[in-house]
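Could you look over the model below before we discuss it? My comments come after it, as numbered points.

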Amino acid sequence: MSSEGSKYPGLRPLPPDFVRDFPPLALVVEDKCIACDRCPPLCFFDAIVMEARPRHKFKRTAIVIPDNCTGCGLCFEACPVDAFVWEPDKDIGKGPSKAAEKTERDLGV
Amino acid sequence: MSLKTSFLGLTLQSPVLIASGPASHDVNQVRVAEEQNAGAIVLKTACSDKFAHMRSWPRPRYKLLDWDKQIEGRSKMFSLYSYEQGYSGTLDDYWELISACKKHAALPVIGSIFADEAKDWIDMAKRVEQCGADAIELDISSPHRPGSLAFETTFVAAINGVVGAVRIPVLVKLGPGPEVLPQCLIAQENGASAVTLCNRLRGFDVDIESQRPILHGYFAGIGGPWAKYYTMRHVAEAANTITIPISATGGVLSGEDVIKYMLLGASTVQILSVIMVNGWESVKRINNEIEEYMQRKKINSLEEIRGKALSAMVSPDEIIRWSGESKRGSRNLWKEGTEN
């Protein structure tokens, strides 16, 4: 199955079996990232941050925080260079996090 | 001149509300919305325990269709296609969330719930009130809800029951069709304080390469900037008939869209997909655009323009009509056998 010319390039690296057997998690291919800053604000789960990479062509790269990523797929829409790919979420056994509790902790209260 | 809006007995800083969804499922987002001068926030919808499966979401579940990501979110036409059902935590988490929102932000918080039996609706609504929510929205029309999107008789009992059981204002979020006005009237008759028009449609899309439905393989909620045109019709129709306020939602990208909804009789406007594509700063931008308009038109309060366009709306009988086909221009000459 060719992945070229598809209308949904972001979904191409995700074969159907992947969804059934491994919950997907977003991952940034750092070499592809152009540090455009578009994906962090798009993520409603605070799962993407920019990190310094002195050796990177753009000195910075987006990275996904696996604990926060819910695999929603919105970041694939933000990336102008298709730097996102899916990887299996090894953490899924833990179940969904309690949003209120998490944010209380984040706020330091 | 002020954006201050009176809605459901609350004084809101702005008529722009954050709609229920992924931008309203944790406390930090409520604080961001407050910083951005949103008027209020409608929290992500919590489902009753009977629908606990709706708290787990498929992956991936969001797609922007017809979206050109090369132009940095400046696209004015796209569709948000998604299947993220209810709030992901338990009901206890949701009560904690509401309490935390009230503790850490001054922004008015509107709880949102979904259930089927009247008893569940009422129990949940009471908890939402106890936790300090300023109002409650009954999400009877989510495109993600199980079964058809028909207006069910149980909803009448739910609206009626909730209105009788809580003191906070009750909004009812209605689906986009086919006829919205009768649903508005039912909501009003049963004591709803306001209606939210309209939820997204239920849609479907297929990838022709894999020859499979996209994402999770089932129908999804679909909305986008194009949705404002049918919602405007429903808002106008409702505003002409019902007396309770209307919170309009659907396809708002700019202050211009908000003003249009106001001119058609909406009191507040809820936004969400614009935050997805243009970020949280959109709230401030939209507020600024409304203020610019108010300055230009010398308006002190949005109340002055609310429903103003409705008075210029005509009935089909009153439409001024002119003949077209009976004109005797050159394109009709053949009829008279005068070719060549």
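The points below take up the basis of the model, then chain A, then the core and strands of chain B.

1. This is a predicted model, in which local features need pLDDT of at least 70 and side-chain atom pairs count only at pLDDT 80 or more, while totals for chains, interfaces and linings use all residues. Residues are numbered from 1 along each chain as its sequence is written, and chains are lettered from A and ligands numbered from 1 in the order in which they are written.

2. Chain A has 4 helices and 4 strands (DSSP runs numbered from the N terminus, helices being H or I of at least four residues and strands E of at least two), and along its sequence these follow the pattern α-β-α-β-β-α-β-α. Of its 109 residues, 31% count as buried, a residue being buried if 20 or more other C-beta atoms, placed from the backbone, lie within 10 Å of its own.

3. The largest nonpolar core (buried Ala, Val, Leu, Ile, Met, Phe, Trp, Tyr and Cys residues joined through C-beta atoms within 7 Å) has 120 residues, and those with the most contacts inside it are Cys75(A), Ile41(B), Val195(B) and Val235(B). Helix 2 of chain B, residues 91-104, supplies the largest share of this core, 6 residues.

4. Which residues does Val235(B) touch, not counting those up to four places away in sequence? They are Leu197(B), Ile246(B), Ala248(B), Tyr261(B), Leu264(B), Gly265(B) and Ala266(B), where contact requires C-beta atoms, placed from the backbone, within 7 Å.

5. Strand 16 of chain B (residues 246-249) is covered on both faces, with Ile246(B) and Ala248(B) buried on one side and Ser247(B) and Thr249(B) buried on the other. Strand 16 of chain B runs parallel to strand 11 of chain B (residues 194-197), to which 3 bridges join it (pairing requires at least two DSSP bridges), and Leu197(B) stands opposite Ala248(B).

6. Strand 16 of chain B also pairs in the parallel sense with strand 17 of chain B (residues 268-271) over 3 bridges, and here Ser247(B) stands opposite Thr268(B). The chain crosses between these two strands through helix 7 of chain B (residues 255-263) in a right-handed β-α-β crossover, meaning that, with the strands pointing away from the viewer, the path from the first strand over the helix to the second runs clockwise.

7. Elsewhere in chain B, an open sheet of 4 strands has the order 6-7-15-12 with antiparallel pairing, and its edge strands, strand 6 (62-65) and strand 12 (201-203), each pair on one side only. Strand 6 of chain B is joined to strand 7 of chain B (residues 79-82) by 4 bridges, and the bridge partner of Leu65(B) in strand 7 is Ser79(B).

Technical notes
Buried ≥ 20, exposed ≤ 12 C-beta atoms within 10 Å, placed from the backbone. Contact = placed C-beta atoms within 7 Å.
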